[in-house]
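Subject: Structure handover

Hi,

Here is the structure I promised to pass on. Please open it alongside this email. My notes follow below.

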Amino acid sequence: MRALVVALGLGLLAGGVARAGDLTDPVWAKAPDRADWAKAYPADAAKAGVGGAVKLKCAASAAGLLQACTVIAETPSGQGFGDAALSLAAGMQLKPNGLNGQPVAGRDLIVPVKFDPALLRPGTVVVNPDWLRRPTTEEVLQYFPAAAIAAGGHVRIECVVTNRGLVDDCKVTEEAPTGHGYGSSALAMSQLFLMRPMSVDGLPVGGARVIIPITFAPGASGARPESVIHVLSGAPWSAAPTLDQMNAAFPKRAMGKAQSGHVILRCGLNGDRLGGCDKIGETPPGLGFEHAALSLVKDFKVITNPKADRYGELRIDVPFDFRDPSLGPQQVEVHNPVWLRRIDPNAALKLYPDAALKAGYRSGSATLTCTVVHDGSLTGCQTELEEPAGMGFGDAALQIAAVMQMNPWTSQGAPVDGMKIRLPIKLVAAADAKADAAPVPPPK
């Protein structure tokens, strides 16, 4: 029996299976994103709008890292594209083994690296995505909306792609028919997509956007799900596994065979704890990632609403993004953080700097860089940018960041501890704010 789904939230993890390929068709686990490419882009060539193409010859380590890279072709020459490509190679990583099980250790490969002026412009859309994994027909049924009509529906979502090929920060751009839950179900199902992190011709996908069409159809036989369940994706957590617990759970038999693993569990609720979990997806299969995810279920605690009438019927989709700990720390990307706690707007108004009012500024902003600790709070924040400078907006932003708390488990399925974030904060003066207002102590 299949279940109709009422999608109550978002969960944006993608899971995937790399297609078979040898070192003439590298299977990438990670590539620098478009922002890294733009930073490496030779300054004079960027200013002139000149593109370039480079081919590197590298050797692969057991972990899939690139070693002993040399430039074997560079067009045009003398513009710095070769050195730029070499600097990017340090952030590239292959799958340690292909689907045929053949290790890449010690083997040579040719790595194309392309520089296109479009990399310097934000908002670029990947036109022909190279999907490593898309939802199967069986998986689509797991997200079939409860209010679906017999004819089915069609949705387009637009998402940001991470440097690992996952998708995040998805939004519905087209939905037909409306009012039947197809858009919400498509957003929840986006966690099942995984793209090749670097194109065959050497362009990155991380940081670009991708448009994904999704069709909900009852199937060739006309069969449709029969029962109705309510599923929450992107749950708010008061407790979640730590990075050390994730690393400890990484399956021993997957070491050296899979740089990462992706699992989605659909669990019930017993109070604020998870239980009765079923696997929705696992990639790659047969290496123990499902068991690893199940071993971590006990470490979750959801923030519940005791007044919700149907909380006992609720199911929660929980994503897991496992990464081989032997490969060292890897940056967790969050394009759309979920905040559990923000400063009260009235308290924020009282923090507006008096110096800015005296100078006639009615608004200002600051961008902070912070480290996220395991419970989602921020530490070590520093002011990166302040506009206008010297008016106190940086200090006000630091006080605001001190009370903010992020969901401790990302929508891709990873703990936030150790993550670095850039936090833009804008302040606007109250309509009746005066420069001689008495100072107000910062919020506790």
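The chain exposes about 20000 Å² of surface, and carbon and sulfur atoms supply 54% of that area. Bear in mind that this is a predicted model.

**Overall picture**

The secondary structure comes to 10 helices and 23 strands. Of the 444 residues in the chain, 49% are buried. I also looked at contacts between residues at least 6 apart in sequence. Of these, 80% join residues at least 24 apart.

**Confidence**

The average pLDDT over the chain is 83, and 85% of the residues score at least 70. Helix H7 (residues 289-296) has the highest confidence, at 97. Strand E1 (residues 3-7) has the lowest, with a mean of 41. Over residues 1-22 the pLDDT is below 50. That stretch still has 116 contacts in the model beyond near neighbours in sequence. Where pLDDT is low, the predicted coordinates should not be read in detail.

**A four-strand sheet**

One open sheet has 4 strands in the order E7-E12-E9-E10, with mixed pairing. Which strands stand at the edges? They are E7 (125-126) and E10. Each has a single partner strand, so one side of each is left without a neighbour in the sheet.

Strand E9 (residues 153-161) runs antiparallel to strand E10 (residues 167-176), and 7 bridges join them. Within this pair, arginine 156 stands opposite glutamate 174 in E10. The two strands form a hairpin with 5 residues between them. Glycine 165 in that hairpin takes a positive phi near 90°.

E9 also pairs with strand E12 (residues 209-216), again in the antiparallel sense, over 8 bridges. Here cysteine 159 stands opposite valine 210 in E12.

Valine 161 is part of E9 too. Is it buried or exposed? Valine 161 counts as buried because its relative accessibility is 0%. Its C-alpha atom is 5.7 Å from that of alanine 208, although 47 residues separate the two along the chain.

**A second hairpin**

Strands E20 (residues 363-372) and E21 (residues 378-387) pair in the antiparallel sense over 7 bridges. The bridge partner of alanine 366 is glutamate 386 in E21. This hairpin has 5 residues between its strands. Glycine 376 in the turn has a positive phi of about 95°.

**A buried loop residue**

Serine 61 sits in the loop between strand E3 (52-60) and strand E4 (66-75). Why does serine 61 count as buried? Its relative accessibility is 12%, and the cut-off for buried is under 20%. Leaving out residues up to four places away in sequence, serine 61 touches Gln67, Val104 and Ala105.

**Salt bridges**

How many salt bridges are there in the whole structure? The search finds 14. Three of them are worth locating on your screen.

- Aspartate 272 pairs with lysine 301, with the closest N and O atoms 3.7 Å apart. The pair links distant parts of the chain, 29 residues apart. Aspartate 272 is in the loop between strand E15 (260-270) and strand E16 (273-283), while lysine 301 is in strand E17 (residues 301-302). Aspartate 272 is partly exposed, at 23% relative accessibility. Lysine 301 is also partly exposed, at 30%.
- Glutamate 282 meets lysine 279 at 3.4 Å, N to O. Glutamate 282 is buried, with a relative accessible area of 14%. Lysine 279 is partly exposed, at 39%. These residues belong to a salt-bridge network of Lys279, Glu282 and Glu290.
- Arginine 323 bridges to aspartate 321, with the closest N and O atoms 3.1 Å apart. Both of these residues are buried.

**A nonpolar surface patch**

Ile303, Val338 and Leu340 form a nonpolar patch on the surface. Together they have about 210 Å² of accessible area. Leucine 340 lies in strand E19 (residues 339-341). Leucine 340 is partly exposed, with a relative accessible area of 30%.

Best wishes

Terms used:
Residues numbered from 1 in each chain as written. Predicted model: local features only at pLDDT ≥ 70, side-chain atom pairs only at ≥ 80, totals over all residues. Heavy atoms only, no water. Patch = residues over 30% accessible without salt bridge, like charges linked within 9 Å, V, L, I, M, F, W, Y side chains within 5 Å. Areas by Shrake-Rupley, 256 points an atom, 1.4 Å probe, with all protein chains shown as cover. Salt bridge = Lys/Arg side-chain N within 4 Å of Asp/Glu carboxyl O. Buried < 20%, exposed > 50% of the residue type's maximum accessible area, 1.4 Å probe, protein only. Pairing = 2+ DSSP bridges. pLDDT = per-residue confidence, 0-100. Contact = heavy atoms within 4.5 Å.
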